[in-house]
Amino acid sequence: DSFYQKILKNRESGFHTLCLLDIKVKEQSEENLIRGRKIYEPPRFMTTAQAAQQLLEIVEKNSGIPGSGIPLKPDSKVVCVARVGTETQKILTCTLHQAAKEDLGEPLHSLVIPGELHYLENDALELWKISS
């Protein structure tokens, strides 16, 4: 939940938050670690849907609890991005709730939680808005 506090602080300041999602490579299972075997798990990459789902769980758990910052809500705007800078990049603007259901395909994924938007930024995000 510590990352959630940083998101809230950024929102309170009007800043955007770029969430670089978890990458697990060259990790051993607990069993292999205990037995001293150098056998590694296959790489795993967090998706924007998984990140959004985790955020939704934190939002639900913290709803009604007073705290610092502007809380996220299921209908808060987020930007999901995948494979930025490649020919197969995907960019999608939607609500946090919708993001938890979207599949952007292969990794690497990141999630942007916008702060205060300039009208030009808002116009740009409209280009990638999910159709309702």
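Which residue in β6 is the bridge partner of L18? Keep that one in mind while we get our bearings. What you have open is a predicted model.

**Stop 1: helix α1**

Select residues 2-13. That is α1, a helix of 12 residues. From first C-alpha to last it reaches 17 Å, close to the 16 Å expected at 1.5 Å a residue.

Now show the side chains of Y4, I7, L8 and R11, which are buried. They cover an arc of only 100° around the axis, which puts them on the same side of α1. The general rule behind this is that an α-helix has 3.6 residues a turn, so residues three or four places apart point the same way. Spin the view to the face turned away from that buried side, and you meet the exposed residues S2, K6 and K9.

What lies over the buried residues? Colour β1 (17-20), α3 (48-62) and β6 (109-113): the cover includes these three elements. Before leaving, click on G14, just after α1, where phi is positive at about 85°.

**Stop 2: the sheet**

Next, select the strands β1, β6, β4 and β5. In that order, these four form an open sheet with antiparallel pairing. Its edges are β1 and β5 (90-95), each of which pairs on one side only. Look along the sheet for the twist, which averages 20° from one strand to the next.

Now add α3 to the view. This helix packs on the sheet, touching β4 (77-82) and β6, and its direction makes about 40° with that of β6.

Zoom in on β1 and β6, an antiparallel pair joined by four bridges. Here is the answer to the opening question: L18 has V112 as its bridge partner in β6.

On to β4 and β6, which also run antiparallel, with four bridges joining them. Pick A82 and look across to β6, where H109 is its bridge partner. β4 also pairs with β5 in the antiparallel sense, this time over six bridges.

**Stop 3: V79**

Stay on β4, a mostly covered strand: five of its six residues are buried. Select V79, which sits in this strand. Is V79 buried or exposed? At 6% relative accessibility, V79 counts as buried.

Opposite V79, in β5, stands T93. Show the surroundings of V79 and, beyond its neighbours within four places in sequence, you will find contacts with I91, L92, T93, S110, L111, V112, P114 and L125. The V112 in this list is the partner of L18 from the previous stop. For a sense of scale, draw a distance from V79 to K24: the two are 55 residues apart in sequence, and their C-alpha atoms are 23 Å apart.

**Stop 4: salt bridges**

How many salt bridges does a search of the whole structure find? Three.

Start in α2 (residues 30-35), where R35 and E31 lie four residues apart, about one turn of the helix. They form a salt bridge, with the closest N and O atoms 3.6 Å apart. R35 counts as exposed at 58% relative accessibility, while E31 is partly exposed at 44%.

Keep E31 selected and add R37: their side chains meet in another salt bridge, 3.1 Å from N to O. R37 is partly exposed, with a relative accessible area of 31%.

Finish at K129 and E126, whose closest N and O atoms are 4.0 Å apart in their salt bridge. K129 counts as partly exposed at 48%, and E126 as partly exposed at 40%. To end, select E31, R35 and R37 together: salt bridges that share partners join these residues into one network.

Technical notes. Residues numbered from 1 in each chain as written. Predicted model: local features only at pLDDT ≥ 70, side-chain atom pairs only at ≥ 80, totals over all residues. Heavy atoms only, no water. Helix = DSSP H or I, 4+ residues; strand = E, 2+ residues; numbered from the N terminus. Expected span 1.5 Å × (residues − 1). Buried < 20%, exposed > 50% of the residue type's maximum accessible area, 1.4 Å probe, protein only. Arc of directions from axis to C-beta. Contact = heavy atoms within 4.5 Å. Pairing = 2+ DSSP bridges. Axes fitted to C-alpha atoms, helices over the stretch in contact; angles between N-to-C directions.
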